Amino acid sequence: MIEVLVADDQAAVRAGLVLILGAAPDVRVIGEAADGERAVALARELRPDVVLMDVRMPRLDGISATREIAGIADVLVLTTFDLDEYVFGALRAGASGFLLKDVDADRLVEAVRTVAAGEGIIAPKVTRRLIGAFAARPAARPGVPGLDGLTPREREVFRCLGEGLSNGEIARRLHMAETTTKTHVSRILGKLGLRSRVQAAILAQETAADGAGGPSGH
């Protein structure tokens, strides 16, 4: 059973999200928060698998709350706004996913399952913007602390993360067990000081574009 905490300052929106998630046989909403501070407190108390997080909330905004919660639970940001400052802010804070509130019910439930399984998910429109932003950027930082510490196998997994592959897809491509893939991903995050696989994917794209000791190891 996937345990979810819903954080949104609008009661009607929270009620709708709880209704949608509660209809899924493998999802259970264990708490609701109307502001960021309450979301952080409940995440620490209840230890949910996933926090469904709004961005604009009183007392503590969703991005700041995500920064506090990442590491305790996986955070799936769900917002009306797809402004760049929110997208990049949420991902830098350690969010595992970013969706817009126009997402349909089935896709929302599937996104919760995806994030709970340790994968990352980003709304297609936002993904296109991220790719465009990377393409327009000048050369990034010359070196990435920890990148040289990756083993050859971890570099292969790192490169696959940059391609947006899931754990199952990485396992099939590299001919190893999915549990082994998860272990490699966890070690990569630890060595690179990252908080989510989405951050790892972004960094992998950056290093591949820069040729900065790129993830391929070549």
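In α3, the buried residues are Gly62, Ile63, Ser64, Ala65, Thr66 and Ile69. That makes helix α3, residues 62-69, a mostly covered element, with six of its eight residues buried. Bear in mind that what you're looking at is a predicted model. The start of α3 has a side chain reaching back to the backbone: a side-chain oxygen of aspartate 61 comes to within 2.9 Å of the backbone nitrogen of isoleucine 63. At the other end, α3 is followed by glycine 71, whose phi is positive, near 105°.

Step back a little from α3 and look at the loop that leads into it. Arginine 59 lies in the loop between β3 and α3, and its phi is near 70°, a positive value in a residue other than glycine. Is arginine 59 buried or exposed? Its relative accessibility is 60%, so arginine 59 counts as exposed. Another arginine with this kind of backbone angle is arginine 47, where phi is near 50°, again positive and again not in a glycine. You'll find arginine 47 in the loop between α2 (36-46) and β3.

Now zoom out to the whole chain. The protein chain holds 10 helices and six strands. Of its 218 residues, 48% count as buried. The accessible surface comes to about 10200 Å², and carbon and sulfur atoms account for 52% of that. If you take contacts between residues at least 6 apart in sequence, 63% of them join residues at least 24 apart.

Next, the sheet. In what order do the six strands sit? They form an open sheet in the order β2-β1-β3-β4-β5-β6, with parallel pairing. The edges are β2 and β6, each of which pairs on one side only. As background, strands of a sheet pair through backbone hydrogen bonds, either parallel or antiparallel.

Walking through the sheet, begin with β1, which is mostly covered: five of its six residues are buried. The chain goes from β1 through α1 to β2, and this β-α-β crossover is right-handed. β1 pairs with strand β2 (residues 27-33) in the parallel sense over six bridges, and the bridge partner of valine 6 in β2 is glutamate 32. β1 is also joined to β3 by four bridges, with the two strands running parallel. Here valine 4 has valine 50 of β3 as its bridge partner. Valine 50 carries the trail onward, since its bridge partner in β4 is aspartate 74. Between β3 and β4 there are four bridges, and this pair runs parallel too.

With the sheet in view, turn to α5 (105-116). It has 12 residues and reaches 17 Å from its first C-alpha to its last, close to the 16 Å expected at 1.5 Å a residue. At the start of α5, a side-chain oxygen of aspartate 104 reaches to within 3.3 Å of the backbone nitrogen of aspartate 106. After the helix comes glycine 118, with a positive phi near 90°. Which residues of α5 are buried? They are Leu108, Val109, Ala111, Val112, Thr114 and Val115. To read that pattern, recall that an α-helix has 3.6 residues a turn, so residues three or four places apart point the same way. The buried residues of α5 pack against β1 (2-7), α1 (11-22), β3 (50-53), β4 (74-79), β5 (97-100) and β6.

Just past α5 sits glutamate 119, in the loop between α5 and β6 (121-122). Why does glutamate 119 count as buried? Its relative accessibility is 11%, and the cut-off for buried is under 20%. Its side chain has polar partners: one of its polar atoms lies 2.9 Å from the backbone nitrogen of asparagine 167, and the side chain of arginine 197 makes a polar contact with the side chain of glutamate 119 at 3.3 Å. Leaving aside neighbours within four places in sequence, glutamate 119 is in contact with Ser96, Thr114, Ser166, Asn167, Gly168 and Arg197. Thr114 in that set is one of the buried residues of α5.

One last stop is leucine 147, in the loop between α6 (124-136) and α7 (152-162). At 2% relative accessibility, leucine 147 counts as buried. Leucine 147 and alanine 204 are 57 residues apart in sequence, yet their C-alpha atoms are 9.9 Å apart in space.

Definitions and conventions:
Residues numbered from 1 in each chain as written. Predicted model: local features only at pLDDT ≥ 70, side-chain atom pairs only at ≥ 80, totals over all residues. Heavy atoms only, no water. Buried < 20%, exposed > 50% of the residue type's maximum accessible area, 1.4 Å probe, protein only. Polar contact = N/O pair within 3.5 Å; in protein donor to acceptor, adjacent residues only side chain to side chain. Contact = heavy atoms within 4.5 Å. Expected span 1.5 Å × (residues − 1). Areas by Shrake-Rupley, 256 points an atom, 1.4 Å probe, with all protein chains shown as cover. Pairing = 2+ DSSP bridges. Right-handed = clockwise from strand over helix to strand, strands pointing away.
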